[in-house]
Amino acid sequence: MSSTNSEDAIPVTVFINHKLMNSKPIERLKSIKFDRLRIECVSDEEEIPTTKDMGSVKQTSANADGNKNKAAVGWWFSNSDILSKYIEENENKQNIIWMHSASAGVEHLLKYDAIKKHKSIMTNAKGAFSASLGEWTIFASMYYAKEVFNMQKAQKEKVWKRFQVDMLKNKEMLVVGYGDIGRSIGKRAKAMGMVVNGVRSKKVIEERDREVVSQMFTLQDLERAVETADYVALALPHTKETENVVGEKIFEKMKTSAVLINVGRGASVDENALCDALNTGKIRGAALDVFQTEPLPETSSLWMIDESKILMSFHSADLTSDYHDLAMDVFVENLERFDRNGGKTDDLINKVDKTVGY
């Protein structure tokens, strides 16, 4: 591809966390030569740019479809309000036809009306982190199955103590939120010999999931779905429908030997009800990577739970060494599609339904 710095090019303004401005993924982004796009990297420490000069952008072959003055924006782990301010303060906000989020979750952006109600297409990094979250879910399951806490405790106390351990084989994994992350969990659980059931918006099991999923439920059936599960893995997005969806009623239905694992969003779990369930033995344990408030406040009751009953990883289950590289892979894929199709959004991957939040 030839380099495009011309005013005729479609501007793609990427708002970047200032700590990442000189990172390898951003250097990679800057080095790519597009035919029809002009990448503009803006640190979140800089003054928000305006688009007042967009009216002078000429129509070129990139805009041969007749849609003049196109623009796009990207959010790259910057301050969450910068994109909203950018849209609110620019006269030519209607020129923006595409927004991209470097993260898979987009609730931090959709909480702003300026973004949620904007007519542009939104895409996200869905799939970039699914493998690592799938692995962490199996790790958390093994942590309880193999009595890791008790083994470490005995080792620390220099006590020779043998433990009866479980296998994951033939245990039931209920994946609540059977999307891309949920599918990654399901495949790995199936490979361990587990029975996999799922929960999603529709009961239909897609063709690609038939070799993995035995039964599919909806959120309305969650109380019934958890009754036989040994491990309940949450991979839910944060929406109005998922807030505190796992609470007292769900814990009452779960097996006392069951373990709750959350790699989705902290908002889906009623943490007060969870603390009660753990303290009273309604469930065996919990493995949490996400929380309702992050960082987790020192006043949270979760800190007081017996260590044998809770495993916390502080939203780092997908924080692999190539985390930002994986996110950039998705962004570049969409930039290339956007460039190749002359600024059309039809072929973009990972489109978000802003009305439902994912």
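Biologist: Glad you could join me! Which side chain does Glu107 meet in a salt bridge?

Modeller: Happy to help, and keep in mind that this model is predicted. The side chains pair up with 2.5 Å between N and O. Glu107 lies in helix α3, while its partner sits in the loop between β10 and α10, so the pair ties together parts that are 158 residues apart in sequence. The partner is Arg265.

Biologist: Nice. Is Arg265 buried or exposed?

Modeller: The cut-off for buried is under 20% relative accessible area. Arg265 has 19% relative accessibility, whereas Glu107 has 22% and is partly exposed. That makes Arg265 buried.

Biologist: What separates Lys153 and Glu157 along helix α6?

Modeller: These two side chains meet in a salt bridge, at 3.0 Å from N to O. Lys153 is partly exposed at 40% relative accessibility, and Glu157 is partly exposed at 45%. Because they are four residues apart in helix α6, which covers residues 148-157, the separation is about one helical turn.

Biologist: And which residues are linked with Arg200 in a network of salt bridges?

Modeller: Let's start from one pair: Arg200 bridges to Glu206, with the closest N and O atoms 2.9 Å apart. Glu206 is partly exposed, at 25% relative accessibility. Along with Arg200, the network links Arg183, Glu206, Arg208 and Asp209.

Biologist: Thanks! How many salt bridges does a search of the whole structure find?

Modeller: A pair counts when a side-chain nitrogen of Lys or Arg is within 4 Å of a carboxyl oxygen of Asp or Glu. Glu107 with Arg265 is one such pair. Over the whole structure, the search finds 18.

Key
Residues are numbered from 1 along each chain as its sequence is written. This is a predicted model: local features need pLDDT of at least 70, side-chain atom pairs count only at pLDDT 80 or more; totals for chains, interfaces and linings use all residues. Side-chain values use heavy atoms; hydrogens and water are left out. Helices (H or I, at least four residues) and strands (E, at least two) are DSSP runs, numbered from the N terminus. Buried means under 20% relative accessible area, exposed over 50%, partly exposed in between (1.4 Å probe, protein chains only).
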